[in-house]
Amino acid sequence: MNSLKITNLTKTYDNGVKALSNIYLEIENGMFGLLGPNGAGKSTLMKTIVGLQQPDSGGIFFNKENVIENSKFIKSQLGYLPQDFGVYPNIAAYDLLNHLAILKGLNNATTRKEQILALLEKTNLSKHKNKAVSTYSGGMRQRFGVAQALLGNPQIIIVDEPTAGLDPEERNRFNNLLSEIGENIIVILSTHLVEDVRNLCTQMTIINKGELLLSGNSEQFIDKLKGKVWKKQIDKNELVAYQNQYKIISTQLQAGKLNIRVFANENPQNVFAPIEADLEDVYFTTLQKMQ
Amino acid sequence: MLRHLLLFEWKFYSRKISFYLILLAFFGLGLMTGTSAVISFPNITYNSPYAINFFLGLFSLASLFPIVLMATQSLLREKDNRFEQILYATPITIRNYFISRFSLVFGFAVFTFLLFLIGYIIGHLLTINNSEQWGVFHLSYYLHCFFTIVLPNIFLCTVIVCCTAWFTKNKMFVYLSGLGIYILYMVVSIFSNSPFMAGSVPVSESTMNLSAKIDLFGMAAFFEQTQYWTALQRNTTVLQLSGNFLWNRIGVILLAFLLLIAAYKFFKFKLTNQQKKKIAIANDQETKKYVYNKTATQLSGKGYFFSTILSFLKIDLKSTIKSIPFVVLVVLTLFMLGMEMHGAINGGIRLPQYFVTTALMINAISATLPILLLLAMLFYGSELVWKSKSLNFSSIENSISFSNVALFISKFVTLFFISILLIFLCIVLGVLFQFIYNYPIIDFKAYLSLFYYIGLPASLCGLLIIALQYIFKNKYIALIIAAAFLVITNSLLGNAFGFSHPLTRFANFMPDVYSDIAGFSYLSKAFIIKMFYSFSFTLLLSVIAILLFEKSLKKVKIKSFRLLLLPLTFLFSSGFLIFKNYHKASKTDQLTWQQQYEEKYKSYQKKPQPSITDVKTNINLFPQKNSYNVTGNFIMVNKTKFEISEILINTSNEIIWNVITSSKLILEKKDTEFGQYLFKTKQKMLPNDSIVVSFDFEYEIHPINNHQSFNAIVENGAFMRISNYFPKIGYNLENEIGDELERKNRKMPLQDVLTKVDAPLENPYNYEFINFDAIISTAANQTAISVGDLVNSYSKNNRNYFHYKAENIPFRFAVSTATYAIQKSNYNDISIELLYEPKHNQNITHLMKSIKNTMQYCETNFGKYPYKTIRFAEISSFTKGFAATAYPASVFINEKQFHVKLDQEEGLDIINELAAHELSHQWWGNAQLNSDYREGSGVLTETLAQYTKLMIYKKEHGKDKMMEMVKLYQNMYDSEKAFSGEEALFNSNPGNANVIYNKGLVNMYELYLLIGEEKINLALKNLLAKYKFPLQPATTLNLVEELKLVSDKSESIKIEVLFKK
């Protein structure tokens, strides 16, 4: 069983932006969702775990080893798919994977080749393995990203906003791929898409403005909201009035009308209809600190 | 709108340090150029329009640097930062965008140049004084040049570079467009006899005319317009906007505008589509053959370390070499080299084609490739280091814990391979040229040595650049620092600015001095030491760079500084070795030495001293060791009317003196600084008394110090005018500072004026001739050549001995040694010997024939040849300063003039010229017509030799060919007369080569037209009969007199005019 423990992690950038403040997390094998809006500090947290950045204070322990002091320990067991990455021009997928495999320490040529070919199959890229990655489409490129993250013997995989920019079909395919690999190792999925976390992760955390807001089992969070979410369709003009009166979780346009969801222990003034709480409600109520 | 755009740009750049660095660099460069007289032209003032045009024109080329830098930063910024879509969607008009960006690049280039100009002017104003080197300061000279030459140049360069940026949207192409302009310029320079090019040779008028029209920088047009200007004109006249210069300037501006308009018309706000070849998304499920298993990894061990290096190398090399820009770089390199090779093969109008030997190709490569390699190293060095980051691949790579040392090494190895690849391609081109020009004798070993002599310095520069990138962690700052460092320590420019001590030189390439006979000789030894020194320095920087990897200085553990110890030890030990062995005095020190010598010993000039009459010596040559030793003795006789009790013997400081002694002398004082030995005689030396002095000295070339060019004891084809290093008596005039201005600056009195042509001469005149008797030994496989008759030769103890004897020759003798092939023949009872490098046998028959013809002509017309033998010996190009040189019974020819491809149809027959000119010196000069050094004495040797050559040339090749030659010499005279001055022949300075050779030949031709060959020859025969040794020597006045005696009275005035005007 792998474990990642983060304690009191704090990072302030030179320009004064507090990217992480006192983050505390414990993660074990399985898919872990890291949810937060843009600019919440997700990428900073990821980069810090990976060792691309140094925190100001706090600790990160992977399998009890302090990886801030010894980043090599985690790097040697890590697969990382950054939010946005480029590739060398004119280099074929196979060659690039081979390069990264060598860097990761797959020293045996035969087993290295087998693993690369297997990964190319797994990510459906076999046919294009001899084409330059720079000519790949967005989805293929992300799949290549997963393939490279799986090279070697990763005990922890970190993927940062992997489905951003993918069409729904590619996104599905990608998520299937992710769910396949998440057994017996830690997979941290950082995203701002609640749906991805709902589909893939059992454990999750929500961060915003560098602070950890909520951490735990997503089903339990939904349970907690049971009976406390109410909906109503209103006119767009009425929104301001409702905002003053109720705790609005989220709004959604539907054919010109506005559907609002409200957080309340009881049906307020009986003008709302009850509705099943979902993870998105957990997310928004947490962000707005309604609970 | 436009104003806003420009303001925005200013905000962007004003925050960049590199921006200010460039401005500062240009101002500093201007100041340095203005204050230091790096290049000076004789008779031309530093602030003359000519010098200003020269420097500003030359440095307008440097504007390419800011233009290219600005174009990549400013024109491709949107693309780099993926801002294109937003910018192009704004209502900004193409016109505004176009104008603002173009004027920004152009304005910046002009601004930087103005800073250079201001620095240059300030430099001039700071150093200007009343001496003849400076004219009156005219701001208009600078501005005229700026507006006519510089501004159009910058404009065109900016247009070309910007158009490239807009059309390709690729940084590398922008760099290459800059490089392309540079190469184009160099190519035109090669063909237009630009003084910028080393070893420039005169070119034909049509070539000059064409280059004047097409040289984008207008320099060829400048040289064309001013080539026949006098010194006064060059000092006071600005360039006239007329002729080719006008057309060139109009053409350049027009071309620039056309390109600009075309660019404007075709310019669209269009996105760069880098992924044109995007492949279709494949979603069909593939059948699985492999199973994904996690595979154990190992991140340590040597195997892992090396495979990391190899993997990075593969990726970097693949992505570099496959890229189009690299291909373009290769094409440009080969194009420029091809041009250089072509230029090297064609020796210009003065010389016929050279044989396309491996040596010629190697020198062409050594002359061209280093600068291109340096640029490639600078570019790729900084690109490779930041490649992963700029491609945004680093976040993946850096999440893996590979060794930084391996990364560092891999970047270096990539650069190494790039340089090896370029060298390899150049060699292929060289071999190809050898086949095309039908000289397929390929010396592969010599070619391969280029990987060492060019590849090693290039790699060291690459390593330095990478280390600086990692140390400064900022691409552009590191790039600028590396470029500045290399300009100072690696280029000739730094040399000119005073960074010439080998300790201040970094990874200098082997110069283009490869000799077909001697290879690189001792320079390869110097190369090792210098490379080791440079290597230690780069090693030091590399260790620092690796220590600072991802860390700041404070976090580096004190313990790790111990790693610096090894490179520091290397650096100091090799540096100490260089420092200890380098003895070359700086120019100022040398001049001070000369001044002190003169002040200390000038008094001996007038003191009666004995003359050397006999030299008997053993010279042992060790070519493989680059050394020789000499023992012997000389007899000196008191030929004066006075008693002598004090004798000053002066020796050269170049060599090591073991002994100078005599039983009749007591050493009074030994002045090692000036090599002076002051002796007292034990008994007063009465007139006609003689004393024997014995001596013993040795010499070895110390690689770091280079050799004096007449002391080239190299492995093969060595040549030494060894008399220069024999002890001499009395004051040595040659040690005096000859430069009048330098004397003035040092507040020294004027030098003694040259003896007037009509000054009286003691009678009988003391020729100071000697009897020469030398036994010369050399290596077992070599033959030693000296002067006079060979009386004996034998082998002993695995060495060859040659005994030479000559009576009554000037104190001027030489030796050469080489593995010679020998061809013998004879003319009447005179034996002719040709000694040459066995490979250089192509012209032997022709040379033999030319010698016989000359011998016949001279004996028939002037008198008997004075020796039993005449020999012509080839020597290596390590001896510089003459094409051929004549000694009693021996002529030495430099391989560069010897091994040429004679085309009977076209071009001059240089072998015939050399044979005729040099052989005739056995009559004109040497032991026959040997005048004292005075006004016009050069005419009696060189001009007469030129005349003889001309007549023999006529006899061999006909009058048309003779006319060609006359015209050539006329041109050479005209184009050099501004520097040499226009002296009359009869009282010309013997050192004025342009007058005594070029004008001399032309005027002798006029004389030939006037009175005819027969009468001239008769006059010369009479001159010899009356004035040759041991009779009183002749002056030019005697020559004119003899000419008048044999011709009609009506022609007298015209003869006078030819010599006195």
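This passage describes the interface between chains A and B and one sheet of chain B in a predicted model.

The two chains meet through 41 residues of chain B, which are in contact with 47 residues of chain A. On the side of chain B that touches chain A, two elements give two or more residues, namely helix 14 (302–321) and helix 17 (394–397) of chain B. Helix 14 of chain B supplies the largest share of this side, with eight residues. Classified by residue type, the side of chain B that touches chain A comprises 15 nonpolar, 17 polar and nine charged residues.

Chain B also holds an open sheet of five strands, arranged in the order 17-18-19-21-20 with mixed pairing. The edges are occupied by strand 17 (821–827) and strand 20 (884–887) of chain B. Each of these has a single partner strand, so one side of each is left without a neighbour in the sheet. From one strand to the next, the twist averages 15°.

In general, strands of a sheet pair through backbone hydrogen bonds, in either a parallel or an antiparallel sense. The parallel sense is found between strand 19 (residues 869–875) and strand 21 (residues 890–894) of chain B, which pair over five bridges. Within this part of the sheet, B:Ala873 has B:Phe892, in strand 21 of chain B, as its bridge partner.

A helix accompanies the sheet: helix 27 (residues 844–861) of chain B lies across strand 17, strand 18 (830–836) and strand 19 of chain B. Relative to strand 18 of chain B, helix 27 runs at about 150°.

Conventions
Residues numbered from 1 in each chain as written. Chains lettered and ligands numbered in written order. Predicted model: local features only at pLDDT ≥ 70, side-chain atom pairs only at ≥ 80, totals over all residues. Contact = placed C-beta atoms within 7 Å. Helix = DSSP H or I, 4+ residues; strand = E, 2+ residues; numbered from the N terminus. Nonpolar A, V, L, I, M, F, W, Y, C, P; charged D, E, K, R; others polar. Pairing = 2+ DSSP bridges. Axes fitted to C-alpha atoms, helices over the stretch in contact; angles between N-to-C directions.
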